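Biologist: Can you pull up the fold for me? I'd like to go through it piece by piece.

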Amino acid sequence: MKPNLEANPVNLSLGKMGPSLRRFIGSSLYETFEHIVMLILTVIIVVLIGFATYHLMLTTYGLIVAGQLDPANRDVYPSLFGMFFTVLIGLEFKRSFLIVTASQTSIVRIRSIILIGMLATLRKFIVLDLKEINVLEMLAVAAAILALGIVYWLVRDQETRSRPPAVDAATIGTDA
């Protein structure tokens, strides 16, 4: 007599689960743990993005109402763009978490981390007060942007080389 596997939820195979649950539960305990951590981090980053966006909207609205949203004011725009880049960095974090849970390729992880680093460095570059910064700090930020750009280019180039070549419809069936 065969045991009824469907009556005992512990013995359910991954094949009988729905596709979304199958994607969430990994093939090992560690992969399942990693997916749960990514889900928690995604929820946290979504809340933080929401608060940052709300703060950006309130600040922009306050500046408009007060009549201080002047393009000639050098103190206002770097601050607003800094808040804007904070939201973009949060969105990129969320996107990288979703990519990690969907596919486990290391290239995507590295590209996302480098892109987040580039965004954070560009944010720093935008909010810098040129009156109070010394030349070495400016050089260090510029070198960091250049280094991250080179690494991003190398990783992108590695990804395009590792992709299989596309099959051209015109060459199918020919002896070329």
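**Walking through the model**

Modeller: Sure: the protein has five helices and zero strands. Keep in mind that this is a predicted model.

Biologist: OK, in what order do the elements run from the N terminus on?

Modeller: With zero strands in the protein, helices are what we have to string together. Reading from the N terminus, the order is α-α-α-α-α.

Biologist: What share of the 176 residues is buried?

Modeller: The cut-off for buried is under 20% relative accessible area. Going by that, the buried share of the 176 residues is 21%.

Biologist: Let's do the surface. How much accessible area does the nonpolar patch with I36 have together?

Modeller: I36 sits in helix α2, which covers residues 29–66. Its relative accessible area is 38%, so I36 is partly exposed, and patch members need over 30%. I36 is joined in the patch by Y30, F33, V37, I40, L41, I44 and L48. Together these residues have an accessible area of about 730 Å².

Biologist: Now salt bridges. How many are there by this rule?

Modeller: The rule asks for a Lys or Arg side-chain nitrogen within 4 Å of an Asp or Glu carboxyl oxygen. R95 with E92 passes, the closest N and O atoms being 3.2 Å apart. K124 with E137 passes too, at 3.8 Å. The count comes to two.

Biologist: How are R95 and E92 placed in helix α3, and by how much of a turn are they separated?

Modeller: Helix α3 spans residues 76–102, and R95 and E92 are three residues apart in it. That spacing means a separation of about one helical turn.

Biologist: And is E92 buried or exposed?

Modeller: Its partner R95 has a relative accessible area of 42%, so R95 is partly exposed. E92 has 11%, and the cut-off for buried is under 20%. So E92 is buried.

Biologist: What about the other bridge: which parts does the pair K124 and E137 tie together?

Modeller: The closest N and O atoms of K124 and E137 are 3.8 Å apart. K124 lies in helix α4 and E137 in helix α5 (residues 135–162), so the pair ties together parts that are 13 residues apart in sequence. At 37% relative accessibility K124 is partly exposed, and E137, at 33%, is partly exposed as well. The parts tied together are helix α4 and helix α5.

Biologist: How far is K124 from P78, C-alpha to C-alpha?

Modeller: K124 is in helix α4. P78 is 46 residues away from K124 along the chain. In space, their C-alpha atoms are separated by 9.8 Å.

Biologist: P78 also shows up in the largest pocket. Which helix gives the largest share of that pocket's lining?

Modeller: The lining includes P78 along with R74, D75, F125, I126, V127 and M138. Helix α4 runs over residues 106–127 and supplies three lining residues. So the largest share, given that count, comes from helix α4.

Biologist: How many charged residues does the lining have?

Modeller: Among the lining residues are R74, D75, D129 and K131, and Asp, Glu, Lys and Arg count as charged. The lining also has seven nonpolar residues and no polar ones. That pocket holds about 360 Å³ of space. The charged residues number four.

Biologist: Back to helix α5. How far apart are the C-alpha atoms of V141 and T121?

Modeller: V141 lies in helix α5 and, at 10% relative accessibility, counts as buried. T121 is 20 residues from V141 along the chain. Their C-alpha atoms are separated by 6.9 Å.

Biologist: And W153 and R111, what separates their C-alpha atoms?

Modeller: W153 is also placed in helix α5, and a relative accessible area of 47% makes W153 partly exposed. R111 is 42 residues away from W153 along the chain. The C-alpha separation is 9.3 Å.

Biologist: Last one: how far apart in space are V76 and T60?

Modeller: V76 is found in helix α3, and its 10% relative accessibility counts as buried. V76 and T60 are 16 residues apart in sequence. C-alpha to C-alpha, the distance is 9.6 Å.

Terms used:
Residues are numbered from 1 along each chain as its sequence is written. This is a predicted model: local features need pLDDT of at least 70, side-chain atom pairs count only at pLDDT 80 or more; totals for chains, interfaces and linings use all residues. Side-chain values use heavy atoms; hydrogens and water are left out. Patches are made of residues with over 30% relative accessible area and no salt bridge: like charges are joined within 9 Å, nonpolar side chains (Val, Leu, Ile, Met, Phe, Trp, Tyr) within 5 Å. Accessible areas come from the Shrake-Rupley method with a 1.4 Å probe; for residues, only the protein chains shown count as cover. Helices (H or I, at least four residues) and strands (E, at least two) are DSSP runs, numbered from the N terminus. Buried means under 20% relative accessible area, exposed over 50%, partly exposed in between (1.4 Å probe, protein chains only). On a 1 Å grid over the protein atoms alone, a cavity is a set of points where a 1.4 Å probe fits but cannot get out, and a pocket is an open set with protein on both sides within 12 Å along at least five of seven lines; lining residues have an atom within 4 Å of a point. Grid points are joined across faces, edges and corners, and a volume is the space filled by probe spheres set on the points.
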